[in-house]
Amino acid sequence: MSEFEFLFVLISIIFGIALTQIMSGTVRGLYNREFTENQVLYTLFVTVLVVIDWWVSFSFNLIQQWEFGTFLVLVLWAMVHYGMVAALYPPISKPLAFERRRHLFLWAYIGMLVADIILTAVRGSLLTPWYYLPFILHYVFLSGIGLRFNAKWLHRCIAWWFLISMLAWALYVRTLLSEIV
């Protein structure tokens with residue numbers, strides 16, 4: 001077993017638990033009929049995001065010599081993903097409407113984006129490709145707007161944008177850009 005295979009087990013467990021939390025929260029929400037449109041959109045968005053980032057984490061198999069600092073950053077990055085999912089579907093027995101805890105989700109998402117930036121910097125590819133940082137920062141900016149303003153129409157637009165832009169990025173833009181390079 002290589003170092004990567006050994007270390008990747010923990011990362012996979014964390015991402016797997018995050019997906020399990022999404023599924024159990026979704027089932028609980030369906031059973032209790034407590035979904036809002038925004039929560040459904042964020043659920044789809046976070047599911048795509050967690051799956052993409054789990055897939056991206058496999059690219060660390062290219063590291064030949066592992067250092068504890070790199071591994072720690074990778075584990076913390078995966079854990080922040082779980083934190084974001086837990087903010088979307090908290091593991092509590094007493095239900096609290098999503099719209100009342102939406103700010104927790106947006107803060108957790110900003111935390112995940114910061115962790116992603118740190119992980120990308122540790123990999124040495126913060127500015128490669130050049131559009132990575134502006135792409136991530138636009139999500140930070142929109143999350144900040146969502147934290148600042150409470151208009152329902154605005155939060156609906158943000159939720160739709162997060163989902164549509166992530167799907168476009170995952171299914172089309174990344175493929176298109178990889179063919180150009």
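This passage describes the overall fold of a predicted model and then turns to a single glycine.

The protein chain is built from helices. It has six helices and zero strands. From the N terminus on, the order of elements is α-α-α-α-α-α. The radius of gyration of the protein chain is 17 Å, close to the 16 Å that the globule rule gives for 181 residues, so the chain is as compact as a globular protein of that length. Taken along the principal axes, the C-alpha atoms fill a box of roughly 50 × 35 × 25 Å.

Contacts in the protein chain were then examined by sequence separation. Among contacts with a separation of 6 or more, 77% are accounted for by residues 24 or more positions apart. Of the 181 residues in the protein chain, 41% are buried.

The surface was considered next. The accessible surface of the protein chain comes to about 10,500 Å². Carbon and sulfur atoms hold 72% of this area. The protein chain carries 11 positive and 9 negative charges. The mean positions of these two sets of charges lie 18 Å apart.

One residue was followed in detail. Gly69 belongs to helix α3, which covers residues 68-88. The relative accessible area of Gly69 is 41%. Gly69 is therefore partly exposed, because this value falls between the 20% limit for buried residues and the 50% limit for exposed ones. Gly69 and Val122 are 53 residues apart along the chain. In the model, the C-alpha atoms of Gly69 and Val122 are separated by 9.1 Å.

Methods:
Residues are numbered from 1 along each chain as its sequence is written. This is a predicted model: local features need pLDDT of at least 70, side-chain atom pairs count only at pLDDT 80 or more; totals for chains, interfaces and linings use all residues. Side-chain values use heavy atoms; hydrogens and water are left out. Helices (H or I, at least four residues) and strands (E, at least two) are DSSP runs, numbered from the N terminus. The radius of gyration is taken over C-alpha atoms; the globule rule is 2.2 Å times the number of residues to the power 0.38. Buried means under 20% relative accessible area, exposed over 50%, partly exposed in between (1.4 Å probe, protein chains only). Contact means heavy atoms within 4.5 Å. Accessible areas come from the Shrake-Rupley method with a 1.4 Å probe; for residues, only the protein chains shown count as cover. Lys and Arg count as positive and Asp and Glu as negative; His and the chain ends are not counted. The place of a charge is taken as NZ of Lys, CZ of Arg, CG of Asp or CD of Glu.
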